[in-house]
Amino acid sequence: MRDTVVRTLIELAKENKNIELLTGDLGFGVLKPYWETLPDQFTNAGIAEQNMTTVAAGMALTGKTVFTYSIGNFPTLRCLEQIRNDCAYHNANVKIICVGGGLVYGSLGMSHHATEDLAVMRALPGMTVMAPGDPTEAAEAVKAIAAHQGTCYLRLGRGGERRIHESLPDFQIGKAVRIERKDIRDGNDQTSDRSIAVFSTGAILDAACDACAALEESGIRVFQYSFPTVKPIDRETITACAKEAEAVFTVEEHNISGGFGSAVAEVISEIPGSAPLYRIGLNDAYCTKVGSQQYLRNEYGLSAEKIEGYIRQKLERTADKN
């Protein structure tokens, strides 16, 4: 995902000399093609993320479109005051790239786990918050925020994410993307009349897809959507699914408090007679364990198998009540 973003950014910056990239002394293996191609549109601000953000704001207010780049919490939580006061308040064209959203840097411990960033960033007025689910969404998200006026946050995985979409010609900020699969229920006499909606944001999309495929194999109808935009949220898609589905499930590699699931809950709370919502993520807790991303996902209920099991458990309880 990150390599796709850098390649896309290079192409955009070649065409637009006002695009600048600032790094907080990180990402050299990934960013090398950029600085070799466009050395005059690149600055290493050093390990000083607050300074990097303020410099980016100043450049943006002179007419530049400035991307800042670092990992985990460093370009967000470490310099939140500068993002709020210098960037978002002035509607400056600063685009903040976080590599390693969620539990990507799991082996480095809690300080490197970006699990509150979506909640914090979406609380800032005027902020656009993006969390693409695969390399295709990531490429389109970079193009979209480069053209968008104002401060934006782009949360990425690290690399090696599975490509879910071949292309997204109709990609827009604020619009969810339907995940289409061949209807495996055709000819299946055991098909259930139950239907659910599963929404996810960010690189957890691959696990959500595997969970949904397993649920469909058992005959459950699944309306699955990826939400590459967390703010502004796609109210239209949420409303339609909340009216048609038996239940709505959100999946995020993030704390459930204030994050993507909370954004969906805010919409559903205003829909009379809507389906119940169940949020899957970190349950208002820090990840205190250390290990690979896949290990931590499984430990905290975010593997494909754990997501599928949680959904089945909720559906079984609903069936028992009925």
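I took each axis as a line fitted to C-alpha atoms, for helices over the stretch in contact, with angles running from 0 to 180 degrees between N-to-C directions. The model I looked at is predicted, so I kept in mind that local features need pLDDT of at least 70 and side-chain atom pairs pLDDT 80 or more, while totals for chains, interfaces and linings use all residues. Residues are numbered from 1 along each chain as its sequence is written, and side-chain values use heavy atoms, without hydrogens and water.

**α3 and α4.** I looked up helix α3 (residues 49–60) and helix α4 (residues 80–87), helices being DSSP runs of H or I with at least four residues, and strands runs of E with at least two, numbered from the N terminus. Their axes lie 9 Å apart at an angle of about 15 degrees, which makes α3 roughly parallel to α4 (angles under 35 degrees count as such). Q50, T53, T54 and A57 of α3 touch Q82, I83, D86 and C87 of α4, contact meaning heavy atoms within 4.5 Å.

**α2.** I then asked which residues of helix α2 (residues 28–37) are buried, that is, under 20% relative accessible area with a 1.4 Å probe and protein chains only. I found V30, L31 and Y34, and they sit on the same side of α2 because they cover an arc of only 70 degrees around the axis, judged by the directions from the helix axis to the C-beta atoms. The face turned away from that buried side carries G29 and E36, which are exposed (over 50%). Among the elements covering the buried residues I noted α1 (2–15) and β3 (65–71).

Note on methods. Parallel < 35°, antiparallel > 145°, perpendicular 65-115°, else oblique.
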